[in-house]
Amino acid sequence: MKKNLEEGEKLFDLLIRKYGEDGMIYFYRGKGYKAHYLKSKDERLRRLAIEDFKKAYDLFPSYKWKKKAEIEMKEILKEENGIDDIEDVIKAVNDERKRLEDVRNRQPYFVFNLCENGEEENEYGKCHYFIFGNFHERIQIDIEQKGKGEKDSILKFGEEFFKGKVEINGDRLKLSIPLETNGLDRRKIEKMVEIAENEGIYYISDFRKNVEQLGKFLKGKKYSPNPYLNYFLKKKFDPQIYDKEEIENDLIDGYLVPSQIEAIKRALSQDLLFIWGPPGTGKTEVLCNIMNILFKKRLRVLVLSLSNFTVDELLRKFVRKLKNFDDTEDIVRLGKPRMSTPHEILNLFRTEIPDSARIVAGNFNNVIYRRNLSKFDYVLIDEVSMTPVPMIIAGSYYAQKGLILAGDPVQLPPPYPSDMEKPNEWYSKSVFERMDITLEKIEEIISDKRCVFLDTQYRMSEEISNLVSDLFYKVMLRCGKKKDAIKLRKRIYFIDTGGKIEVGREVFQRRNEAHASAIVNYIEKKLVRELKEDLKVGIITPYNSQVCTIYKFLKEKGLADHPFIKVGTVHSFQGQECEIIFFDITDVDVPPSPLIKNKKLLNVALSRAKELLIVVGDKNYLLNSGYFSRDIREIYRKIIETGENFEGGEIWKKHMLPG
């Protein structure tokens, strides 16, 4: 084959028909392709050689011949492809898999709003069941990924873990916990009900299977060329630039600002781009425009995110903006629809990808379990600040021409409980941190070829926007909102109050009934008659226990299921917005938890408000140098000074409590 390529390929086909799949046959065909590549530098022959050496490696039973195949692959790939370094990433994934063996290291997802509980008998025997009205979407992903025979889920009530069955039916989550296998008696059940009502409970995710599959995926791609690896490994910094195209005639939005247009142009003219999209800056509009241009050019795009909600919203907005769209086989949403799936994209769901598909969208699990998925011209990944870097690397293997990563390094990464063993660096650091794209270097980022900063936001009223820009974006975020939906004299209020703080077993189990009661009373008295589709209220707090306390008061007022009132933790509100936001800091005169000293958390909390921001806290406490560092005190000082202040006592009662 080294002498005559065509004759060698004919011989290979003959040997395969006679002897079947054999590592030695693939090994020597690979050597033939390699010899011809070294003479011609034909990239096609290089890829064929790599594929054959990889196939031989998989087929060889002996370590000796596996090593020979590995040496051949390393020689043809050379060091520039980061082969040795990808081993570090694979090891990090395997270490993460080992870390998850301890149930305390698995990600807990908050479940609250107990609607019903009681006893029943099912295939488990006698059980106590709990039905909840609020739960995280990742729970459904976890349940869908369970293999056959994997019925049990792990639930945490307070400090105790229990095994049981979890079912999701519409907007309700049901837990069935067997009495006998969990050693439950009447006293324990009563305690569990009390915890479920007052604190909420946790579904303990079991993503071991997914992490294990990610490790297998990366190992399988170990010898596949990936030019993007060197960016993640910090061996390459400046992206490859193509000729910029004129795109103005292809834009589907005529009101885009210069930074958005620059992001679209650069996404289409270089091999790597980070789109830094602060809250309300139209990041989704930019991504839709990029998808539209590539779609019209008949190029293939893979759209990924950790969150089904993010994928669905991006796809929904893209389809709504797309003109002359009637062939649904051109756009594919992988996975299964859920109750919350927008109706506009229900007909896009597929299990297989048609050859005609130009836009394929899904979460990472939809991709890493799929065999023989062909490459795409572009890969677009959204919300990358929340996504572990090894997953982003996995997605990058499918990009041929461009990799587009969108997110905000000043928003929240995934939360890790305080008692959890911290993950390794590949999992604990966001991709922005790894690439040194941070707020501290925001001035440098403006000239960084890898990144475009979207500098104009349209969500928040100007007063709120200016506060967020000053506190978290070094005054580089502008306000582009032209018209406010509500006429108000003031957009930011600080309610200076106390209240008795209750601290539970863990530092994050905190509640303040005075705050919760006052906020709910104010909503009932002043706002509830005004609420409608385009006027929604969000109540945000750092603590799960306080979420349950607020829900308790909403239930008492008959408002717990109000369609335009939402309550949750700051983490659960990331990516969402409401016209009116109450941010309940909760803590008073206790050592502050890490949450209310977290700049990213404060950024997310304040930037959810479109029209009105009401911050509830204790001024003296928040400005106390014994509790807070100078930079955090400065944030709270600016919030207090910017807002109109109501200070305690009768004024607090007058404005926030019913008379």
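## A covered helix in domain 4

Six of the eight residues of helix 22 (residues 599–606) are buried, so that this helix is mostly covered. The buried members are Leu601, Leu602, Asn603, Val604, Ala605 and Leu606. The elements that cover them include helix 18, strand 20 (537–541), helix 21 (570–573), strand 22 (578–584), strand 23 (609–617) and helix 24 (630–642). The model described here is a predicted one.

The start of helix 22 carries a polar contact: a side-chain oxygen of asparagine 598 comes to within 2.9 Å of the backbone nitrogen of lysine 600.

## Domain layout

The protein chain is divided into four parts: domain 1 (9–80), domain 2 (108–205), domain 3 (227–457) and domain 4 (462–652). The centres of domain 1 and domain 4, taken over C-alpha atoms, are separated by 61 Å.

## Nonpolar cores

The largest nonpolar core holds 94 residues, and Leu218, Phe232, Ile393 and Leu606 touch the most other members. This core lies between domain 3 (227–457) and domain 4 (462–652), because both domains give residues to it. A second, separate core has 36 residues, among them Val286, Leu287, Met291 and Val319.

Leu606 of the largest core is also one of the buried residues of helix 22. For phenylalanine 232, leaving aside residues up to four places away in sequence, the contacts are Val389, Ile392, Ile393, Ser396, Leu403, Leu405, Trp426, Val431, Arg434 and Met435. Ile393, named in that list, is itself among the core residues that touch the most other members.

## The closed barrel

Six strands form a closed barrel in the order 1-2-5-4-3-6, with antiparallel pairing. From one strand to the next, the twist averages 45°. Strand 1 (residues 108–122) pairs with strand 6 (residues 201–204) in the antiparallel sense over four bridges. Phenylalanine 110 has tyrosine 202 of strand 6 opposite to it.

Helix 20 (residues 544–556) packs on this sheet and touches strand 1, strand 2 (125–135) and strand 6. The direction of helix 20 makes about 60° with that of strand 1.

## The open parallel sheet

An open sheet of eight strands follows the order 10-9-11-8-12-13-7-14, and its pairing is parallel. Strand 10 (349–350) and strand 14 are the edge strands, each pairing on one side only. Within the sheet, strand 9 (residues 331–334) and strand 11 (residues 359–363) run parallel and are joined by three bridges. Arginine 333 has alanine 361, in strand 11, as its bridge partner.

Helix 11 lies across strand 7, strand 8 (301–305), strand 9, strand 11, strand 12 and strand 13, and runs at about 165° to strand 13. Helix 11 (283–296) also helps to cover the buried residues of helix 10, together with strand 7 (272–276), strand 12 (376–381), strand 13 (399–407) and strand 14 (451–453), among the covering elements. Helix 10 (residues 258–267) is mostly covered, with eight of its 10 residues buried. These are Ser259, Gln260, Ile261, Ala263, Ile264, Lys265, Arg266 and Ala267.

## Strand 20 and its partner

Strand 20 is mostly covered, as five of its five residues are buried. In a regular strand, side chains alternate between the two faces of the sheet. Here both faces are covered: Val537, Ile539 and Thr541 are buried on one side, and Gly538 and Ile540 on the other. Strand 20 runs parallel to strand 21 (residues 565–569), to which five bridges join it. Threonine 541 stands opposite threonine 569 of strand 21.

## A buried glutamine

Glutamine 457 has its place in strand 15 (residues 456–457). Its relative accessibility is 0%, so glutamine 457 counts as buried. Not counting residues up to four places away in sequence, glutamine 457 touches Pro279, Gly280, Thr281, Ser465, Leu477, Arg478, Cys479, Gly480 and Lys481.

## Positive phi in loops

Most residues other than glycine have a negative phi. Lysine 41, a residue other than glycine, has a positive phi near 60°; lysine 41 is in the loop between helix 2 (23–40) and helix 3 (43–59).

Valine 475 likewise has a positive phi near 60°. The loop that holds valine 475 lies between helix 18 (462–472) and strand 16 (478–479). With a relative accessibility of 61%, valine 475 counts as exposed.

Terms used. Residues numbered from 1 in each chain as written. Predicted model: local features only at pLDDT ≥ 70, side-chain atom pairs only at ≥ 80, totals over all residues. Heavy atoms only, no water. Domains from an automatic or database assignment. Pairing = 2+ DSSP bridges. Helix = DSSP H or I, 4+ residues; strand = E, 2+ residues; numbered from the N terminus. Axes fitted to C-alpha atoms, helices over the stretch in contact; angles between N-to-C directions. Contact = heavy atoms within 4.5 Å. Core = buried A, V, L, I, M, F, W, Y, C linked by side-chain atoms within 4.5 Å. Buried < 20%, exposed > 50% of the residue type's maximum accessible area, 1.4 Å probe, protein only. Polar contact = N/O pair within 3.5 Å; in protein donor to acceptor, adjacent residues only side chain to side chain.
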